[in-house]
Amino acid sequence: MSGTLIVGIDGTESSRAALRWAMKQAVAIGAEVNLTHVIDDEWATIGARMLEELTADAVQLLAREADYASSLDAEVVVHTQSLHGDVMQELIAASKQAEMVIVGTHKTGFISGKVYGSRSLRLAASAHSPVAVIPQGTPRDGRGIIAGADDSAAGRLAVRLAAQEAERTGENLTLVRAFTVPEFSATNDALRRESIKLSEERTLEILSDAATLARLTAPTVEVKTRSVWRPTAQALVDAAATAALLVIGNSRRDDVDNGMVGSVSHDVLINLTGPAIIVHARDPQ
């Protein structure tokens, strides 16, 4: 595989974390890296003189980050570009020519969490390529690849990508499927038991299909499955806490493109403790 990895650069430590991850990925897949800084002018209020000054600052920032990238691996081809406008919209547009777009995130969680200024949820929802979100200050290297398993086109794409990453890195792959059961009154114990049984059967069916797909994609990878009785986002975040990588799918409808990720992807992204890749596919409704 080869191509270009676009890294969102803004001078923060979280963007440095994204850059470090991107450089390792570039070495692994033989890709080039494009460091992209967007001068934030979402409302088109920056005057010509200020824009000239900000452009000069951007050139200096990109030169500094390019030097840092070269210090990590001098063999990787590194390009830089400075754009002007709505940060996330510019990255979304750039993603049309990218193998992947990579951004950093502050690791803060639900209460005060922001993903690349919170607006990168738009990037995860609308990018034309996979999006990698890298938390700042991940405490240690994790082991294993985690993928969320479901029967959507995006879920199958996530399983395939996760299997490929597991094969490339020599890691094992764990497919996670969570389910919950609606609350029933105390007089409906039989209905509750039947609902649990049906949910468990469906979960095992989805995991079996996902495991088959993973083994067909990467026959040498050890594939494990895990069903969890809890909310999906919580299950994925917990499973990924000690993993090297989490891969999740984000479905899109042919008739809807509102720039929003699904509720599961949203909750996972603002609670990341390790690197995650979001892949997209359209599911006609």
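## Two pockets and helix α5

In this predicted model, the lining of the largest pocket takes at least two residues from each of α1 (13–29), β5 (131–135) and α5. Residues are numbered from 1 along each chain as its sequence is written. Local features need pLDDT of at least 70, side-chain atom pairs count only at pLDDT 80 or more, and totals for chains, interfaces and linings use all residues, while side-chain values use heavy atoms, leaving out hydrogens and water.

Some terms will help. Helices (H or I, at least four residues) and strands (E, at least two) are DSSP runs, numbered from the N terminus. On a 1 Å grid over the protein atoms alone, a pocket is an open set of points with protein on both sides within 12 Å along at least five of seven lines, and lining residues have an atom within 4 Å of a point.

| Pocket | Volume | Lining residues closest to the centre |
|---|---|---|
| Largest | about 570 Å³ | Trp21, Lys24, Asp141, Ala244 and Pro275 |
| Second largest | about 360 Å³ | Asp150, Arg177, Thr232, Gly249 and Val264 |

Volume here is the space filled by probe spheres (1.4 Å probe) set on the grid points, which are joined across faces, edges and corners.

Which element gives the most to each lining? For the largest pocket it is α1, with 6 residues; for the second largest it is β9, with 4 residues. Helix α5 also gives two or more residues to the second lining.

Now look at α5 itself: residues 153–169 make up this helix of 17 residues. Its buried residues (under 20% relative accessible area, 1.4 Å probe, protein chains only) include Ala154, Gly155 and Glu165. Just after α5, glycine 170 has a positive phi of about 75°.

Conventions. Expected span 1.5 Å × (residues − 1). Buried < 20%, exposed > 50% of the residue type's maximum accessible area, 1.4 Å probe, protein only.
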